[in-house]
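Here's a walk through a protein–DNA model, one part at a time. Have the viewer open while you read.

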Protein chains: 2
Amino acid sequence: MRDTAMGKGLRARGLRLTSQRLAIIKVLLEADEHLTPAEVLERGAGDCPGLGLTTVYRTLELLRKSGHVQRVHLEEGCHAYARLQEKEGHHLVCQGCHRVVGFPCTGLADLVDETAQRTGFSVESHLLELVGLCPACQESDSIECNAAGGTGDLPSV
Amino acid sequence: MRDTAMGKGLRARGLRLTSQRLAIIKVLLEADEHLTPAEVLERGAGDCPGLGLTTVYRTLELLRKSGHVQRVHLEEGCHAYARLQEKEGHHLVCQGCHRVVGFPCTGLADLVDETAQRTGFSVESHLLELVGLCPACQESDSIECNAAGGTGDLPSV
DNA sequence: GTACTTGCAAATAATTTGCAAATAT
DNA sequence: ATATTTGCAAATTATTTGCAAGTAC
């Protein structure tokens, strides 16, 4: 863990690599899904007994600030975390198993430019999140392995 | 208010148009920014004294389910609400004054299709939010009319 | 008249902070 | 050796729920 991008990222900022932080990084690297702080705690406690929720919150925030982890925004229950998996990470989230796959945001530039021109806004960043079903969850008859449920009960986007 | 899309939307669902709901709808229609439930309460209380926060939460949720209002996701302090302003609403949010402008998501289809093919996911919906500065806030020297502050202190997307 | 709504108060859940003890470097 | 980090407990903040009273239709 010490030599991962996350580990190096922390050191580069003059931060210390404690056993707690290493355990949290390990959890994030091994997870395919987005995780809440409580879930990170649960998994991390395996490697690091006595790990505290406060530390998890603080470490996730450090990793977010150094750009290694990103918040995943969900209609219900916001603020889960997932690591960035490819350059320029945006997230593709599975409704069934919560797996998160990153993808680059190429192809968005035109839309952003056009919108910026039309509105006069200067666009500094963007958040793009696709929601759907991963191959495995499509097969296993939709949402049966599900946890977070649907998005609502009427039309939306 | 009774004849607005929001008002009709509620009636269409067999819901009643109470003074509280009308006041909340008015607040949303008159706001250019995204608002937290507490802010909606504060403004709505002008028209409807005694309006309760519980009612605001419940009404925003009803409007969200009927597709007239959407949650705006922010890195810090998620879960503000803004009305949908154009078809297929996505949001362009001003960091300075929190104004929210909607825009249609045309141009995203290719990216979505390509990503779906590459990953095998079936994509059911997406969340796109652009963040930047509106024309007014660009002039008045960036973030001076600001409230929510920056996004962090290191690189990100 | 009746079913839907409201607002209060209380319950829950999520997140942050103060601080003394522990620890990485 | 020392500044950073931890974890507890407590404080905050956000959101939800039960329920009797009120109200739109």
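The notes below go from the symmetry of the two chains to their strands and then to each DNA strand.

## Two copies, one axis

First, a caveat: this is a predicted model. Chain A can be laid on chain B by a turn of 180° with a shift of 0.0 Å along the axis, and the RMSD comes out at 0.1 Å. That's the relation of a two-fold axis. If you want to find the axis in chain A, look for A:Leu128: its C-alpha is the nearest one in that chain, 2.2 Å away from the axis. Both copies use the same surface, too, as 100% of the contact residues of chain A recur in chain B.

## Strands within and across the chains

So what joins β5(A) to its counterpart in chain B, and which way do the two strands run? There are 11 bridges between β5(A) and strand β5 of chain B (residues 122-133), and the pair runs antiparallel. Here A:Leu128 turns up again, with B:Leu128 as its bridge partner in β5(B). That's the residue whose C-alpha is nearest the axis in chain A.

Strand β5 of chain A (residues 122-133) also pairs inside its own chain. Its partner there is β3(A), residues 90-94, and these two run parallel, joined by four bridges. One pair to pick out is A:Val93 with A:Val131, its bridge partner in β5(A).

## Around DNA strand D

DNA strand D has 17 residues around it, and both chains are among the nearest: A:Thr18, A:Arg21, A:Thr55 and A:Arg58 from one, B:Tyr57 from the other. Sort those 17 by type and you get four nonpolar, eight polar and five charged. On the DNA side, 62% of the atoms within 4 Å of the protein belong to sugar or phosphate, with the rest in bases.

Arginines reach both parts of this strand. The side chain of A:Arg21 has an N or O atom 2.8 Å from a phosphate oxygen. A:Arg58 goes for a base instead, with a polar side-chain atom 2.6 Å from a base nitrogen of strand D. From the other chain, B:Arg16 has a polar side-chain atom 3.0 Å from a base nitrogen of this DNA strand. The elements giving two or more residues to this surface are α2 (19-30) and α4 (53-65) of chain A, plus α4 (53-65) of chain B. α4(A) gives the most, with three residues.

## Around DNA strand C

Now for the other DNA strand. Which residues come closest to strand C? Of the 16 that surround it, the closest are A:Tyr57, B:Thr18, B:Gln20, B:Thr55 and B:Arg58. The surface here divides into four nonpolar, eight polar and four charged residues. Sugar or phosphate accounts for 63% of the strand C atoms within 4 Å of the protein, and bases for the rest.

Several backbone atoms sit by phosphate oxygens of this strand. In chain B, a polar backbone atom of B:Gly50 is 3.0 Å from a phosphate oxygen, and one of B:Gly52 is 3.2 Å from a phosphate oxygen. Chain A joins in through A:Leu17, where a backbone N or O atom lies 3.4 Å from a phosphate oxygen of strand C. Two or more residues each come from α4 of chain A and from α2 (19-30) and α4 of chain B. The most come from α4(B), which gives three.

Conventions
Residues are numbered from 1 along each chain as its sequence is written. Chains are lettered from A and ligands numbered from 1 in the order in which they are written. This is a predicted model: local features need pLDDT of at least 70, side-chain atom pairs count only at pLDDT 80 or more; totals for chains, interfaces and linings use all residues. Side-chain values use heavy atoms; hydrogens and water are left out. Two strands pair if DSSP finds at least two bridges between them. A residue is near a molecule or strand if one of its heavy atoms lies within 4 Å of it. A polar contact is a pair of N or O atoms within 3.5 Å; within protein, one must be able to donate a hydrogen and the other to accept it, and residues adjacent in sequence count only if both atoms are side-chain atoms. Ala, Val, Leu, Ile, Met, Phe, Trp, Tyr, Cys and Pro count as nonpolar, Asp, Glu, Lys and Arg as charged, and the others, Gly among them, as polar. Copies are superposed by least squares on the C-alpha atoms of residues with pLDDT of at least 70 in both. Contact means heavy atoms within 4.5 Å.
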